[in-house]
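Grab a pencil and work through these exercises with the structure open beside you. Try each task before you read its solution.

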Amino acid sequence: MTDVQARQKNIRNFCIIAHIDHGKSTLADRILEYTGALTSREMQEQVLDQMDLERERGITIKLQAVHLTYKADDGEEYLLNLIDTPGHVDFTYEVSRSLAACEGALLVVDAAQGIEAQTLANVYLALDNNLEIIPVLNKIDLPSADPERVKQEIEDVIGLDASEAVHASAKAGIGIKEILEQVVKQVPAPSGESEEPLKALIFDSHYDPYKGVIVYVRVINGSIKAGSKIKMMATEKTFEVIEVGAFKPRMTIVDELMVGDVGFIVAGIKHVGDTRVGDTVTDAKKPTLEPLPGYRKINPMVYCGLYPIETSEYNDLREALEKLQLNDASLSFEPETSSALGFGFRCGFLGLLHMEIIQERIEREFNIPLITTAPSVIYRVTLTNGETIQIDNPSNYPEVGKIESVEEPYVKAAIIVPNDYVGTVMELCQNKRGEFVNMEYMDTTRVTITYQIPLSEIVYDFFDQLKSGTKGYASFDYEISGYRKSNLVKMDILLNNEQVDALSFIVHRDRAYQRGRIICEKLRELIPRQMFEVPIQASVGTKVVARETVKAMRKNVLAKCYGGDISRKRKLLEKQKEGKKRMKQVGSVEVPQEAFMAVLKIDDN
Amino acid sequence: MTIIQPHAADAAASQGSRKPQAVYLHIPFCTNKCFYCDFNSYVLKNQPVMEYLQGLEREMERTVKAVPPGEIKTIFVGGGTPTVLKPDEMEYFLKTVRTYFPNWSDSIEFSMEANPGTTDLEKLSVMREGGVNRVSFGVQSFQNELLQGIGRIHDTDDVYQSLENARKAGFENMSIDLMFGLPNQTVEMLAESVDKALALDLPHYSIYSLKVEENTLFHTMYKKNQLPLPNEDDELQMYLLLMDRMKKAGYEQYEISNFAKPGYHSRHNMAYWLNEDYYGLGAGAHGYVGHQRHMNIKGVNPYTEATKEGLPRLETFTVPKEEAMEDFMMVGLRVLSGVSESHFKEQFGLAIEEVFAKPLHRMLDAGLMEKTGEGYRLSEQGLLFGNDVFGTFIGSLTVKE
């Protein structure tokens, strides 16, 4: 056996599959701590989730990877690569590619709560990628833990043997060693050939202002080192490698990435778009014949308009989007104009969470207050002249007379819920124009309900309503299932008799009247009183379907001058003005930011 | 684009070249705390009043040494309730004022705030002898049930008694404060209060709307939805009604909340509104002298202790010229005759029009301000939306867009 083969034999590449708050990040931290990759003092809580936003939400957005060494009970030293995966439905494709970089996965299930929909979806992805799955029952120290029931559930629902499942508590540090031992014993060593031409999978990348794009790869065959000429097989771009390294967990330069390794490549790459997740890296001079399977270009699913509240910040917003795009090839944007909001950008996102993240990062990291218009999906409109157009912005929706038919995207939604809530969930899905597909019992207490639902309904407040309607017990996953014909109309909103293009939305004809009424009520609550009366109307075509009025404000004056305390008076006025800053002047009416999202907060019940 | 020179470059044209002529003195004691009050005041019982007055004396001494006063045109003693001082304390206090600010104008206005129920003839006589020539009584309302509801300890009988005593003691320049928008107050009640106030035939009235301030009992109640305030329409009716009645009774509304017979404007308050300098002495007092604003330490004992070491400042800061110009508009537009071009030019060496072109035209176009022969003022509509007008000027120079 050569040195390379001996090394390869002791490599274990694995990831963790878990539902949000089933303890993935804490477990990752404990593994790092146990293997001495970081001392606990060095370690900020939950090292793998590096962005503030991730830490606040307790979810992983950006993938990370760490390289660890572990001396197992058999006396051998193993090289472990733990690849973290994002835990949200918006990032399913990214998850699938990071799974493809592994040979094994820890399936972490809360010993009290059992399997959730997201976990299930990711387990299926892992099985598709032929990963060895090691069940771990976490939070075993909770009084409500019921490991036997959960083991049974894993066996029934997934068909995995759970008899060897590790009982663990990441929080209390229980079972960490057993987990590592199982990884070493059960996860196969990587199987590639060191003598074959280079073949490496890109599973992530990030942009570094000094080094350019840093590409995260898993070497399948061959090896890679500084000076190699490489080629990205999908984009057909070639680069010269400047350095290669491993995540220990800080990025550390190494001489060579060998077969089976997980690491990074720096090659003077300027655009993340040149290094697409799922693409294959090969030797430019001696390329591999076939790229790795599974690559696809990901397209945005949800669009919305982003506008700076201060018109003068348009260019700052463009720069912010450009910077975010450096790290996020799935974010798309192009300039658009709204008569109500001025100059802004129509942005495309993988999903709602992705949209919220980008929005928050622009406001927090770039300090640009934004107006966000309600998200829209892409509608396919066939015109009477036979032409088909794609509409991602309701204000571009054609006149009724020119429309032959409209199609909208549907998703297949799987919802796992305790059977007490079956009625609630079905009612919600019906309200959201869902079409029942089937219902399966996972065990005696929990059910998987499957529906076909228009994506536009999911994009609204489906998730919030699902959570509140089931006291948080429901978990939910979806995948795009195709386009279907629908009877849709465009609803316009008029403030003070002027149409506000940024408030228009597309709605099913049967619901137009009700939605119009609710949104007018909502806007009446959100729009502060002005010095004059403001009528709010919702209309379909020229027909007004709902009307509300914001009564005029009668007076606004500070009575007293507080014994010469001028600075206090100033502060009061500044505070009042600060409040107004979050408003957008639309015609003569001052409209607060939230109003543009009001359409999202509609509860149809 | 107007280039704005810093203060120093045109000191001659700027305010502050004159010595201060207005003095504010703070007596931070009350018999009890009213439910709406967030002023710097402490319940009198067991307070070291004499030590405080000695501290105040030390502050006066240090102040006039640092910035010698000009001829004093107005003195205003506020609180708290200055009239909770016992006659001997009052006599001592007024003597110290006279000692450190001896150069009084012939027509000096020397005001003191008073609460009905804390003013007997003896005390009023001491005040009069000590130089006080104007008394402002905190009456607030002529309905006893409303007075109880806002935590006042006096009743309407005390009001008549106090005014009679004041007249006996030789005061003829008197004012009373009224409030509207009080919990459970109706438009009719307010009308009755205004009529009863007018029947007293005083030269000056202040009529304020209640504002619920943080850190007051009312704020707590408001948060719990336990404060039955009049609705906005009623509050507006009250304001329109009182303005109308005051006008018909021959009083000029010279400021948003102030009404006077000719020649009886509160000249001390006018100094604030014209952005002129004033000394601010006493615990928690604010002053504005030579482009500097200061706020004093608020607590009674910390204040008194601090006067032994130096000036008892909590904070002091220099007001940049841009901010001073904004302040000029904010306070000046409260006065109904408006801001004067010549006065602005005198303080800043610039024209209002060139400094504030954008906000000025916005307000003129919106009909909230109007041009006068002298300068600009709030329009009738603008009077009701003063905050919107002032807010337009605040930040227009100091905040970068």
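**Exercise 1. Decide whether Y278(B) is buried or exposed, then work out how its ring meets that of Y272(B).**

Step 1: Y278(B) has 1% relative accessibility, so this residue counts as buried. The cut-offs are under 20% relative accessible area for buried, over 50% for exposed and partly exposed in between, with a 1.4 Å probe and protein chains only.

Step 2: Y272(B) is buried too, at a relative accessible area of 4%.

Before going on, note that this is a predicted model: local features need pLDDT of at least 70 and side-chain atom pairs count only at pLDDT 80 or more, while totals for chains, interfaces and linings use all residues. Residues are numbered from 1 along each chain as its sequence is written, chains are lettered from A and ligands numbered from 1 in the order in which they are written, and side-chain values use heavy atoms, leaving out hydrogens and water.

Step 3: Now for the rings. Rings of Phe, Tyr and Trp (its six-membered ring) pair if their centres lie within 6.5 Å; planes under 30 degrees apart are stacked, over 60 edge-to-face, and the rest tilted. There are 27 aromatic pairs over all chains. For Y272(B) and Y278(B), the centres are 4.6 Å apart and the planes stand at 65°, so the pair is edge-to-face.

**Exercise 2. Find the residue whose charged end sits over the ring of Y483(A).**

Step 1: Use the rule: NZ of Lys or CZ of Arg must be within 6 Å of the ring centre and within 35 degrees of the ring normal.

Step 2: The residue is R380(A), with its charged end 3.8 Å from the centre of the Y483(A) ring. In chain B, R293(B) sits over the ring of Y288(B) in this way, at 3.9 Å from the centre.

**Exercise 3. Put the six strands of the open sheet in chain A in order, and say which stand at the edges.**

Step 1: Helices (H or I, at least four residues) and strands (E, at least two) are DSSP runs, numbered from the N terminus. Two strands pair if DSSP finds at least two bridges between them.

Step 2: The order is β2-β3-β1-β4-β5-β6, with mixed pairing.

Step 3: β2 (65-71) and β6 (166-167) of chain A each have a single partner strand, so one side of each has no neighbour in the sheet, and these two stand at the edges.

Step 4: Zoom in on one pairing. β1 (residues 11-18) and β4 (residues 104-110) of chain A run parallel, joined by five bridges. Here I17(A) is opposite L107(A) in β4(A).

**Exercise 4. Which residues of helix α3 (residues 121-129) of chain B are buried, and why do they line one face?**

Step 1: The buried ones are K123(B), L124(B), V126(B) and M127(B).

Step 2: Looking down the axis of α3(B), these buried residues fall within an arc of 155°, so they line one face of the helix. The arc is that of the directions from the helix axis to the C-beta atoms. An α-helix has 3.6 residues a turn, so residues three or four places apart point the same way.

Step 3: Check the other side of α3(B): E122(B) and E129(B) are exposed there.

Step 4: The buried residues of α3(B) pack against α2 (87-100), β5 (104-114), β6 (134-140) and α5 (156-168) of chain B, where contact means heavy atoms within 4.5 Å. Just after α3(B), G131(B) takes a positive phi of about 110°.
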